[in-house]
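This report looks at a single chain fold through its sheets, one of its helices and a few points of backbone geometry. The sequence and structure come next, and the discussion begins with a residue whose backbone deserves a second look.

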Amino acid sequence: MAPDFFRRRDMQSAVLRQPETEEERFEAFSALLSCPTYSIHGPADAKQEQRAAEESFPRRVAGTENCYHCGYHDELSFGGSSYLIQRPEGNVLVDVPRYNPKLLNRIKDMGGVKYMFLTHKDDVAAHYKWASALGAERIMHKAETNVQQRTNEVEHQIEGEGPWGLPDGSEDCEIIFTPGHAEAHCVLLYKPQKVLFSGDHLAADVVGEWTAKHEDMGDGFLGISRSFNCCSVEQQVESCLKLGAYDWLTLLPGHGRPGGVKDETERKQQLQLIKERETKRGLDRVPTDGNHQRHEADY
Ligand SMILES: [Fe+2]
Ligand SMILES: [Fe+2]
């Protein structure tokens with residue numbers, strides 16, 4: 001968030017410059033609220049500005065009518081983003097924000113949550129607190145559940161290779177099986193707005209950081225994280241290619257900034273470029289460490 005002020009430098013986040021205008025301070029306070037490690041600090045006398053930023057979440061994602069970024073990233077989810085789809089049939093929360101009473105009340109004001117969709121085991125945070133406070137039913141692939149994270153308590157444990165609709169039979173949301181990053185990672189397509197919530201499976205690089213780092217690997221502004229691949233790079237690349245056939249234009253990833261493609265041709269071309277790039281780098285490369293802190297830096 002707020003890339004004009006905070007950017008990744010090597011493996012750390014760094015302050016580029018201090019915000020000056022009212023608008024810039026609002027953006028910086030939004031980043032402060034969402035920083036999973038509480039590393040951003042603001043002046044003590046700016047309570048009103050902080051409150052304005054707090055009340056702005058969940059914040060509608062530009063270019064969508066009813067998809068919201070929840071902010072409040074949780075360290076337990078390695079700083080991953082969570083999103084809310086506001087829909088008449090019942091809202092859907094994609095992955096899990098930091099548990100916060102103010103955010104909880106805002107989400108309740110927006111109609112609460114019917115379903116919580118969990119993409120995979122890394123980004124579940126305190127899902128049980130949210131599910132209990134909202135009376136929401138969780139959906140997750142059975143192979144991603146476990147006792148330690150209490151995901152064995154998930155109400156709807158889907159099995160096999162899908163695709164799946166929502167448990168109430170509504171078909172505007174489609175859950176797609178995208179193994180690779182994790183054994184049974186899944187993504188969610190919200191068809192009416194052509195939005196793909198991609199979790200840790202697929203990310204976008206809209207500010208040129210990733211492209212600059214890998215410029216020898218050719219063009220492309222969609223990518224995968226190899227260092228955090230917990231299962232199979234080859235499988236993750238194949239799962240990326242599979243997404244070409246689904247009708248999405250906006251990409252809302254678990255890490256990094258939103259992205260998108262302009263049409264079907266570009267979507268397929270970008271996914272093919274991932275395959276070419278990753279094949280060059282070696283599909284069988286095994287990740288050397290599981291340090292999720294580097295998650296964003298590797299896209
Ligand atoms: Fe992950
Ligand atoms: Fe993640």
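## Positive phi in a loop

In this predicted model, Phe-78 has 21 C-beta neighbours inside 10 Å, and because the threshold for burial is 20 or more, Phe-78 counts as buried. Its backbone is also notable, for Phe-78 has a positive phi of about 55 degrees although it is not a glycine. The residue is found in the loop between S4 and S5.

Tyr-72 is likewise found in the loop between strand S4 (67-69) and strand S5 (83-85), and it too is a non-glycine residue with a positive phi, here about 45 degrees. Is Tyr-72 buried or exposed? With 23 C-beta neighbours inside 10 Å, Tyr-72 is counted as buried. As background to both residues, most residues other than glycine have a negative phi.

## The seven-stranded sheet

Strands S4 and S5 belong to an open sheet of seven strands, whose order is S3-S4-S5-S6-S7-S8-S9 and whose pairing is mixed. The edges of this sheet are formed by strand S3 (59-60) and strand S9 (156-158), each of which pairs on one side only.

Within the sheet, strand S7 (residues 115-117) and strand S8 (residues 137-141) run parallel and are joined by three bridges. The register between these two strands can be read from Met-116, which stands opposite Arg-138 in S8.

## Two cis peptide bonds

Which residues are joined by a cis peptide bond with omega of about -5 degrees? Phe-57 and Pro-58 are joined in this way, and Pro-58 has its place in the loop between helix H2 (47-55) and S3, where S3 is one of the edge strands of the seven-stranded sheet.

A cis peptide bond also runs from Gly-162 to Pro-163, with omega near -5 degrees. Pro-163 is found in the loop between S9 and strand S10 (173-177); S9 is an edge strand of the seven-stranded sheet, while S10 is an edge strand of the five-stranded sheet described below. For context, most peptide bonds are trans.

## The five-stranded sheet

An open sheet of five strands has the order S10-S11-S12-S15-S16, again with mixed pairing. Its edge strands are S10 and strand S16 (259-260), each pairing on one side only.

Inside this sheet, four bridges link strand S12 (residues 195-199) with strand S15 (residues 250-253), and the two strands pair in the parallel sense. Gly-199 is placed opposite Pro-253 in S15.

## Helix H7 and its two faces

Helix H7 (residues 264-281) comprises 18 residues and reaches 26 Å from its first C-alpha to its last, which is close to the 26 Å expected at 1.5 Å a residue. The buried residues of H7 are Arg-267, Gln-270, Leu-271, Ile-274 and Glu-278. Seen down the axis of H7, these buried residues fall within an arc of 95 degrees, so they line one face of the helix.

What covers the buried residues of H7? The covering elements include strand S14 (222-223) and helix H6 (233-242). The face of H7 turned away from its buried side, by contrast, carries the exposed residues Thr-265, Thr-279 and Lys-280. H7 is followed by Gly-282, whose phi is positive, near 105 degrees.

Definitions and conventions:
Residues numbered from 1 in each chain as written. Chains lettered and ligands numbered in written order. Predicted model: local features only at pLDDT ≥ 70, side-chain atom pairs only at ≥ 80, totals over all residues. Pairing = 2+ DSSP bridges. Expected span 1.5 Å × (residues − 1). Buried ≥ 20, exposed ≤ 12 C-beta atoms within 10 Å, placed from the backbone. Arc of directions from axis to C-beta. Contact = placed C-beta atoms within 7 Å.
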